[in-house]
Amino acid sequence: MNFEIKNVRNIGISAHIDSGKTTLTERILYLTKRIHKIHEVRGKDGIGATMDSMALEKERGITIASAATYCTWRNHEINIIDTPGHVDFTMEVERSLRVLDGAILVLCAVGGVQSQSITVDQQMKRYNIPRIAFVNKCDRSGANPFKVIGQLREKLGHNAVALQIPIGLESGHEGIVDLVSMKALYFEDEYGQKVKTDEIPSHLLDQAAEKREELLEAASVFSDELTEAILEEREVSESLLRNAIRRGALKRELTPVLMGSAYKNKGMQPLLNAVTDYLPSPLDVESQALDISNEEAPVRLEADDSKPLVALAFKLEDTPYGQLTYIRTYQGALNKGDTVYNVRSGKKIKIGRIVRMHADKMEEVSKIPAGFIGALFGVDCASGDTFAKPGLSLSMSSMYIPDPVITLAVKPADYKSETNMSKALNRFTKEDPTFQTHFNPETGETLISGMGELHLDVYLERMKREYDVSLHAGEPQVAYRETITRHSDFDYTHKKQTGGAGQFGRVIGYIEPAETEFEFENKVSGGNIPTIFIPACEKGFKECMKKGPWMKFPVTGVRVALTDGSAHSVDSSEMAFQAAARGSFQQAYHKAGPVLLEPVMKVVVETPDEYQGNVMGSLNQRRGVIIGVHDEGISTVIEAQVPLAEMFGYSTVLRSLTQGKALFTMEFEAYKEVPSSVLKEIEKKLQQSAGPKTAAR
Amino acid sequence: MLKNTNTLQDPLKIMGRDAAAGIENGGFAAILARAGVGKTALLVQLAIYSMLNGKNVLHISTGNPVDKVDLWYREVFYRLAQTEENSEKEKLWDRLLHRRFIMTFETETFSIDKLEKRISELMASEIFRPAQVMVDGLVLENQTESRLNQLKDYALANRLILWFTVRTHREEPVENSGIPTSFAPYKHLFELMLLLHPDKNRVYLKMVPDADQQKRQASAELYLDPATMLITDVPA
């Protein structure tokens, strides 16, 4: 690890499903000599690509966990975080984006900018990540890289400019012309290891000159020197142009576009060069932490080994040797034998083994310098925890964690499965904050919750495969919520006189709709309720929020104001006031116009033109509201808002409607009121499911 | 419904003419302005007023993603409804969503043929039946008069009113009525034309009446608030 920090690149490769991201990563690892053999994603050798390390991923041909791996290129160290492309795993994507300094946006030369590319790009925009684009699959029929560049500009709002033009497309794709050096590049040998430089073919000279003009014009905005050189018609040196492009890219005001075909091994080396040339080092990126001891005021971090350590654990993985924690240092170095402090839990940890990961193979090292990515063994922590030098109370900004929208009951089949399941669940919840579990003592069931059907499916599968758990899974249940729509007053007295010490508490006040989840306001004056009992009242109200008095779903969006009350000098107690609060909530709640809320999802379907009527019909049937339709020529993208409760099993329906040619993504949009016709059905179902159990008791 | 409150009143009524009621099925209306003056904002406002009046609106846009068009509607709606209570706003917005359908096209593949085909498909599958179609981004100069006449027939047969945005150019000569000469050949196809004129720091809105103008009262002038692009009768 003898790299200077300015020669480090922490990058991600982000893209639409099937745009060839994993193949691309595989080629990069091969060219940087990290692997010595190429396995295709769905290759016949049954090994699968190196980055897809989980058995399940290999089988489905998708990438779920974001493995981190590193390689070296032209004296630079490149850490690659492989990010999943499914929206159901958004948490994974977002967490890996957090530790990236730059990214390659892979786009398909045929499919162009598809709906999912838009989602991923928006996420990157949120984290201010500079990007370069790679137009892949130039060897496919229908490839048109310049159309894709147009879409980058139009749909994603990038100031995209080509650094290359293709030499031939589709089956005639031979190589590329580099517009910076104005040379033709060809890729020879089995895996294109050898780059042959040649003169630009004569039939491409005009196009190359024209596109270079465009490049110079776009880049000149970022360099006065370049502008002068152009105006004075001087020769523009390669380094001058590269510097200008780099400046534009780091500011995220220019998106350099490269092209080629990963599968055919074309354009890989120039892409790696572009990573080192145009993506930032940790020094170029401003990172911030929050000062916990000072009301979370932001503090700037410096990627300097001599400063006190601040590092983020961004991913956990269970390996045969114990828990592996992926970590990125933002400030200071992490050495073997150091004692660090987990800012969340307040525990001190001694650092044992430090490794660098290459997908599922590892290499032991003695330190992680500032700005680098590595992994630790034998550290007990949760994903998203911050490690800092003892005495430092800095935390990497907490990430927004969405509430789960779907729940499933699981029951292990035998004793062995039961222990294994609890092990598995324990690990999954640590790894993925959007995956939650709890035990329902009333039914004896374990409930798992997550962000979508596929999300839970993957965990169920993993329990089976990795932990050998055999279990029965119930029907997925939507996470309904209750809220109130009106102001409602209460005046409630809790009084019990059954011998011994009595109980007395009276509370007066009101409840009303609130924007936040729960608010409590104490307006009692003159000590009518002694101050010591106020927290007990709040606790009583909060308890009611967990289970609504109406349909027993969690309640949200309520402000409780306590205006008056009375107490008894002997009989009043904390318990009495808690009970009074509970009673008053029940009393006021039914008059406050309670309504049931359900999660509504944003559903995006991409379908060939001829099926769009069928697809829209299927969304309509599911109580969906179609927001709009985008006509892309051959395919159509339909955007709709559909209640989650209606979306179960939709992937099967969509497949049969469109002969498997349509794709859909779904993400949480908002909680919305359940219409009254549907409400009756839900009530009926609840009664039915409650019925037999009560009878059995 | 909030439609009777002052903030959500159809601004064209103030001008002595109910825009929607004044145009019959098969009717064409246009908003003419230079780039960046506020054509889309005005188009979206008019669409929202129609939706508040119970009409289904199909919004056609070229070169913009659905999300962006949706955002226009959201922003204009929330500005118009800013004085209303939050919970009411949300409910009304949810109801309005059922009256709106957005269709976006790639600029290079968009044509009147395609537009007619899509509208027919939409109605045939009973997914959405528009009363008003807002077309943002069709370049009229690329269309022949006879093709536009056919579109008018199509609109009449399907009981539709069509609104268009027309981009004019700064240096272009204008007729007395304020209509640019390049648009003059199409003028007779349109029942109503709204002109947006930026003048110093205000944008004023002028209605170019049809042949019945004598019957109507003299049209007052309205302005667009340059900060919000919303219609106001108070000059900024």
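Colleague: What makes strand S4 (residues 132-136) of chain B count as mostly covered?

Modeller: Five of the five residues of S4(B) are buried, a term that requires 20 or more other C-beta atoms, placed from the backbone, within 10 Å of the residue's own, whereas 12 or fewer make a residue exposed and values in between partly exposed. The model is a predicted one, in which local features need pLDDT of at least 70 and side-chain atom pairs count only at pLDDT 80 or more, while totals for chains, interfaces and linings use all residues. Residues are numbered from 1 along each chain as its sequence is written, and chains are lettered from A and ligands numbered from 1 in the order in which they are written. Strands (E, at least two residues) and helices (H or I, at least four) are DSSP runs, numbered from the N terminus.

Colleague: How do you know which faces of S4(B) are covered?

Modeller: In a regular strand the side chains alternate between the two faces of the sheet. In S4(B), B:Gln132, B:Met134 and B:Asp136 are buried on one side and B:Val133 and B:Val135 on the other, which leaves both faces covered.

Colleague: What makes strand S2 (residues 57-62) of chain B a partner of S4(B)?

Modeller: Pairing takes at least two bridges found by DSSP, and five join S2(B) to S4(B) in a parallel arrangement, with B:Val57 opposite B:Gln132. Strand S5 (residues 161-167) of chain B also pairs with S4(B) in the parallel sense, over four bridges, and there B:Met134 stands opposite B:Trp163. S4(B), helix H7 (residues 145-157) of chain B and S5(B) form a right-handed β-α-β unit, in other words one whose path from first strand over helix to second runs clockwise when the strands point away from the viewer.

Colleague: Why is B:Arg159 called buried or exposed?

Modeller: B:Arg159, in the loop between H7 and S5 of chain B, has 12 C-beta neighbours inside 10 Å and therefore counts as exposed. Its phi is positive, near 55°, although B:Arg159 is not glycine.

Colleague: And why is A:Asn265 called buried or exposed?

Modeller: A:Asn265 has 20 C-beta neighbours inside 10 Å, so this residue counts as buried. A:Asn265 also has a positive phi, about 60°, without being a glycine, and lies in the loop between strand S11 (255-259) and H9 of chain A.

Colleague: How do you know how far helix H9 (residues 268-278) of chain A is enclosed?

Modeller: Nine of the eleven residues of H9(A) are buried, so the helix is largely enclosed by the rest of the structure; among them are A:Leu271, A:Leu272 and A:Val275.

Colleague: Why are helix H14 and helix H15 of chain A called roughly parallel or antiparallel?

Modeller: The axes of H14(A) (residues 612-621) and H15(A) (residues 650-658) come within 10 Å and cross at roughly 155°. That makes H14(A) roughly antiparallel to H15(A), since angles over 145 degrees earn that name, those under 35 count as roughly parallel, 65 to 115 as roughly perpendicular and the rest as oblique. Contact (C-beta atoms, placed from the backbone, within 7 Å) is made by A:Asn614, A:Val615 and A:Ser618 of H14(A) and by A:Val653, A:Leu657 and A:Thr658 of H15(A).

Colleague: How do you know which element gives the most to the side of chain A that touches chain B?

Modeller: In all, 19 residues of chain A are in contact with 19 residues of chain B. Helix H5 (145-156), H14 and strand S36 (625-631) of chain A each supply at least two residues of that side, and S36(A) gives the most, with seven.

Notes. Axes fitted to C-alpha atoms, helices over the stretch in contact; angles between N-to-C directions. Contact = placed C-beta atoms within 7 Å.
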